[in-house]
Amino acid sequence: MNYLSVENLEKNLGERILFSDLNFGLDKGDKMALVANNGTGKSSLLKILAGKDIPSEGKVVFRNGIRFGYLEQEPDFDHDSTVAELIKTANSELLAIISTYNEALEKQAEDYSSQSQQELDQAMSKMDEFKAWDYERRLNEILTRFEITNQDQKVGNLSGGQKKRLALALALLDEPDVLILDEPTNHLDVKMIEWLEHYLDRSGLTLFMVTHDRYFLENVCNTILELHHGKLYTHHGNYSYFLQKRVEREEVNRIEIEKAGKKVKTEIDWIRRMPKARGTKSKARIQRFHDTKAVAHSGVKEQELKLDVKMSRIGGKILELKKVYKAYGDLNIMNGFDYTFKKGERIGIVGPNGVGKSTFLNILCGLEKQDSGKINTGDTVVFGYYNQQGLEFKPDMKVIDVLREHAEVIELGNGSKLTASQFLNHFMFPPKMQHNPVSKLSGGEKRRLHLMTVLIKNPNFLILDEPTNDLDLLTLNKLEDFLLQFGGCLIIVSHDRYFMDTLVDHLFIFKGAGEIKDFNGSYADYQDWLAAEEEKRKPVEVEKTDWKKEQKENEVKTKLTFKERFEFEQLEKEIEGLENEKKELEAFMISGTTDYEALQEKGQRLERVIEEIDVKSLRWLELSEYD
């Protein structure tokens with residue numbers, strides 16, 4: 001039996017069917033990703049698998065004893081709780097198991113009996129099952145890894161990225177059998193994504209995820225599920241294998257439809273010529289005609305995103321920064337930054353969260369003021385700024401009204417003009433969606449609408465701050481095609497390594513403390529450069545690492561772990577019991593009995609008891625040093 005089995009699953013939202021007749025299984029060791037366009041109910045499916053929602057039809061069958069962890073796309077936490085309080089709530093079952101163990105341990109120490117021993121054995125079994133012995137160590141280690149250092153702060157004061165990291169930390173801390181992840185790389189910086197990718201790839205966790213990060217799909221997943229026009233296709237391989245098989249399938253499908261179309265024309269001529277009196281053979285041929293006609297008309301016309309807008313002319317003078325400084329208290333963002341932008345430049349910005357990347361972009365656009373220095377902007381520069389915050393709209397605002405606030409008519413690159421409604425259709429918002437409230441759109445659809453409001457201004461200097469979050473793979477591919485043809489200046493801040501490698505040839509590396517490194521090359525080139533630099537320092541670091549290892553081995557242990565304390569207390573009782581048995585055996589040996597077989601048996605047992613006492617006493621002495 002699989003870890004979970006999905007049987008004839010369907011989910012409806014009113015009259016809208018998100019998905020139907022889904023059937024698949026997830027087994028131990030699977031690292032499975034679902035690939036589908038926005039609006040097909042990917043997040044809804046994950047919630048159903050995690051038990052956070054119920055399907056309209058069908059069922060999800062779980063194997064008994066399987067523990068699940070679930071990471072939502074946008075974590076919903078109690079904003080009034082502190083981080084520490086949230087951790088206690090999120091891990092209530094694990095903490096209850098630890099508490100039960102401590103109580104059983106105290107009870108057994110105060111009143112040793114077969115019942116107290118049984119209760120302690122059961123508590124220890126639960127500690128083993130949930131891997132609770134080193135809970136505190138794992139908690140501190142994973143919170144540190146995800147840069148969550150202040151457990152007293154209110155959850156409501158955390159940024160979106162901090163909330164995502166906290167939710168991810170809690171999901172990994174539980175060490176579930178199956179981990180369900182909805183866009184796990186959103187809001188994480190590149191360094192943390194690479195750590196997570198490495199961790200998931202090497203771990204024995206079973207995964208089911210939705211992600212648009214193509215390197216993540218390539219390096220972590222071994223199975224891709226593709227939901228396409230209501231059908232589910234399974235590809236046992238990584239992202240590259242999936243792309244190959246999808247192209248092959250589409251080509252086979254195209255050839256079949258083309259052949260059926262030609263055959264339909266021949267059959268139509270035959271039907272027109274056929275006499276009215278139809279025999280059995282004629283009826284069979286008519287049925288084959290209808291079957292062939294169904295194949296010929298089975299091709300679904302794809303609705304595609306059409307990114308085509310006119311770019312304003314850009315002059316020779318673009319943007320110049322001279323000795324620009326910016327800081328917030330002790331946080332230095334720019335420390336005398338100098339740069340002159342040239343026509344057609346494609347610059348990527350990378351660096352950890354909190355070093356001021358978004359502030360840098362706001363200063364370029366004039367949304368924030370520098371502390372000192374000069375910024376000279378050319379007269380012909382038209383900024384298009386796609387920021388992380390997304391759209392701001394009234395709850396009842398319609399999709400078409402958002403666009404009409406910017407323009408009623410939009411000019412495309414070929415000189416033709418479109419109405420707001422026609423332009424929305426270009427961006428995969430058909431007429432039936434245009435009068436829906438914006439609040440009803442999915443995260444990806446809101447992002448796409450936000451992109452429209454940026455491009456409608458015909459910018460020649462595009463600034464994109466995390467543009468890939470929540471976008472499906474189709475939209476990402478179309479956006480990349482558009483940006484590759486874009487003739488103006490382009491600045492991208494993104495954690496999507498594939499996106500960066502495709503589009504930029506130049507990087508600003510934000511290293512913190514106001515230091516910005518100018519690197520000529522893609523992100524992959526930068527990683528290769530870092531690896532080469534690391535290799536140069538390797539001899540020095542090996543010596544340092546060995547010294548640290550030796551120091552760690554010689555560190556003074558200050559206290560016993562849960563398991564060691566229990567072992568120490570058990571050893572005292574076991575040694576005492578063995579000593580009593582030894583006395584009884586020795587007394588028997590000198591009792592003067594003439595039963596040779598009994599003497600031989602007791603003598604052999606005495607040797608084993610003495611050996612056990614020596615081994616257990618030595619271990620007891622080791623543990624007693626830290627008691």
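**Entry 1: the β5 edge.** I began with Phe68 and looked up its bridge partner in β6, which is Val178. The model I am reading is predicted. Strands β5 and β6 (residues 178-182) pair in the parallel sense, and I found four bridges between them. I then traced the sheet outward: six strands form an open sheet with mixed pairing, in the order β5-β6-β7-β3-β8-β9. Its edge strands are β5 (68-71) and β9 (231-235), each of which pairs on one side only. From one strand to the next, the twist averages 15°. I noted that helix α6 (residues 160-173) packs on this sheet and touches β5 and β6, its direction making about 165° with that of β6.

**Entry 2: strand β3.** I next examined β3 (residues 31-35), where five of the five residues are buried. In a regular strand, side chains alternate between the two faces of the sheet. I sorted the residues of β3 accordingly: Lys31, Ala33 and Val35 lie on one side, Met32 and Leu34 on the other, and all are buried, so both faces are covered. For the neighbours, I recorded three bridges to β7 (residues 206-210), running parallel, with Met209 as the partner of Ala33. Strand β8 (residues 223-228) is also parallel to β3 and is joined to it by four bridges; here Met32 has Thr223 as its partner.

**Entry 3: salt bridges.** I counted 21 salt bridges in the structure and looked up three of them.

I took Lys59 and Glu7 first; their closest N and O atoms are 3.8 Å apart. This pair links distant parts of the chain, with Lys59 in strand β4 (residues 57-62) and Glu7 in strand β1 (residues 4-13), 52 residues apart. Lys59 is partly exposed at a relative accessible area of 47%, and Glu7 is partly exposed at 31%.

I then took Lys126 and Glu129, whose side chains meet at 3.9 Å, N to O. Both lie in helix α4 (residues 114-129); they are three residues apart, and therefore separated by about one helical turn. I read a relative accessible area of 38% for Lys126, which is partly exposed, and 43% for Glu129, also partly exposed.

Last, I looked up Asp134 and Arg138, with closest N and O atoms 3.1 Å apart. Shared partners join Asp134, Arg137, Arg138 and Glu141 into one network of salt bridges. Is Arg138 buried or exposed? I find it buried, because its relative accessibility is 9% and the cut-off is under 20%. Asp134, at 27%, counts as partly exposed.

**Entry 4: Arg447.** I located Arg447 in helix α15 (residues 443-455). Its relative accessibility is 10%, so it counts as buried. Leaving out residues up to four places away in sequence, I listed its contacts as Tyr386, Asn387, Gln388, Glu466, Asn469, Asp470 and Leu471.

**Entry 5: helix α11.** I checked the cover of α11 (residues 357-365) and found eight of its nine residues buried. Among them are Phe360, Leu361, Ile363 and Leu364, as well as Lys357 and Asn362. Gly366 follows the helix and has a positive phi, near 85°.

**Entry 6: the whole chain.** I closed with totals for the protein chain, which has 20 helices and 20 strands. Of its 627 residues, 44% are buried. Its accessible surface comes to about 34000 Å², and carbon and sulfur atoms account for 48% of that. Among contacts between residues at least 6 apart in sequence, 67% join residues at least 24 apart.

Definitions and conventions
Residues numbered from 1 in each chain as written. Predicted model: local features only at pLDDT ≥ 70, side-chain atom pairs only at ≥ 80, totals over all residues. Heavy atoms only, no water. Buried < 20%, exposed > 50% of the residue type's maximum accessible area, 1.4 Å probe, protein only. Helix = DSSP H or I, 4+ residues; strand = E, 2+ residues; numbered from the N terminus. Pairing = 2+ DSSP bridges. Axes fitted to C-alpha atoms, helices over the stretch in contact; angles between N-to-C directions. Contact = heavy atoms within 4.5 Å. Areas by Shrake-Rupley, 256 points an atom, 1.4 Å probe, with all protein chains shown as cover. Salt bridge = Lys/Arg side-chain N within 4 Å of Asp/Glu carboxyl O.
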